[in-house]
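Subject: The structure for you to look through

Hi,

Here is the structure I promised to pass on. Have a look at it first, then read on for what turned up.

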Amino acid sequence: MCIRDRQLVESLLHEAQLRLDTSNIQLNESIEIKNPLQKLRSTLPMTLIRIVREVLSNSIKHAKANQVEFVISSDEHLLLIKIIDNGKGFKKNEVQGKETSKGFKTISKRAESISATTSIQSILGIGTTFELTYNYANK
């Protein structure tokens, strides 16, 4: 099965729109694809969609955000997905180890399964930034 970068972007944006529309959260998107014909392994899109779904669920349920910026950029080597909300933010040390961090653990495991890296930055009262980087060489 050959999946192209452009198809993946459309699927991710569709997922984001579906999740956020029902929650009255404004979606701002920024897309920069420099390799629309990049071939992706068949399991990658579904894994990325599940990760995006979990991150957006956190923005809806926990962050109480009213705006989410969804950034997807891609060049010949890397795919970057960044989700930034303007929610209430959190202190990482207060979340780690709690049942509420189950979502973050799931995100990390899924990212590891496709050899992607993730980072989460959060500032109380300002919001949270999630970033996933996938190297196309990890096929």
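Let's start with a definition: rings of Phe, Tyr and Trp (for Trp, its six-membered ring) make a pair if their centres lie within 6.5 Å, and planes under 30 degrees apart count as stacked, over 60 as edge-to-face and the rest as tilted. By that rule, the structure holds two aromatic pairs. In the pair Y134 and Y136, the ring centres are 5.9 Å apart and the planes sit at 85 degrees, so this pair is edge-to-face.

Before going further, some housekeeping. This is a predicted model, in which local features need pLDDT of at least 70 and side-chain atom pairs count only at pLDDT 80 or more, while totals for chains, interfaces and linings use all residues. Residues are numbered from 1 along each chain as its sequence is written, and side-chain values use heavy atoms, with hydrogens and water left out.

**The overall layout**

The protein chain has four helices and seven strands. Helices (H or I, at least four residues) and strands (E, at least two) are DSSP runs, numbered from the N terminus. Going along the sequence, you'll meet them in the pattern β-α-β-β-α-β-β-α-α-β-β.

How many of the 139 residues count as buried? The share is 40%, where buried means under 20% relative accessible area, exposed over 50%, and partly exposed in between (1.4 Å probe, protein chains only). Both tyrosines from the pair above belong in that group: Y134 is buried at a relative accessible area of 1%, and Y136 is buried at 4%.

Contacts are worth a look too (contact means heavy atoms within 4.5 Å). Of the contacts in the protein chain with a separation of 6 or more, 72% are between residues 24 or more positions apart.

**The nonpolar core**

A nonpolar core is a set of buried Ala, Val, Leu, Ile, Met, Phe, Trp, Tyr and Cys residues joined through side-chain atoms within 4.5 Å. The largest one here has 33 residues, and L12, L48, F70, I81, I83 and L132 touch the most other members. Two or more residues each come from α1 (5–21), β2 (26–33), α2, β4 (67–74), β5 (78–85), α4 and β7. The largest share, seven residues, is given by α2.

Try clicking on L48. Leaving aside neighbours within four places in sequence, L48 is in contact with L8, L12, L79, I81, I114 and L132.

**Helix α4, inside and outside**

Helix α4 covers residues 102–113. The expected span of a helix is 1.5 Å times one less than its number of residues. For the twelve residues of α4 that gives 16 Å, and the end C-alpha atoms are 17 Å apart, which agrees.

Which residues of α4 are buried? They are G103, I107 and A111. Seen down the axis of α4, these buried residues fall within an arc of 70 degrees, so they line one face of the helix (the arc is that of the directions from the helix axis to the C-beta atoms). Here's the background: an α-helix has 3.6 residues a turn, so residues three or four places apart point the same way.

The buried residues of α4 pack against α2 (44–63), β6 (117–123) and β7 (127–135). On the other side of α4, K102, K109 and E112 are exposed.

After α4 comes S115, which has a positive phi, near 60 degrees. A116 is in the loop between α4 and β6 and is buried, with a relative accessible area of 10%. Not counting residues up to four places away in sequence, A116 touches A111, L132, T133 and Y134.

**Two more buried residues**

T47 lies in helix α2 and is buried at 12% relative accessible area. Outside its neighbours within four places in sequence, T47 is in contact with R110, S113 and I114.

E15 is in helix α1 and is buried as well, at 10%. The side chains of E15 and R19 are joined by a polar contact of 2.9 Å. A polar contact is a pair of N or O atoms within 3.5 Å; within protein, one must be able to donate a hydrogen and the other to accept it, and residues adjacent in sequence count only if both atoms are side-chain atoms. With residues up to four places away in sequence not counted, E15 touches I49 and R53.

Enjoy exploring!
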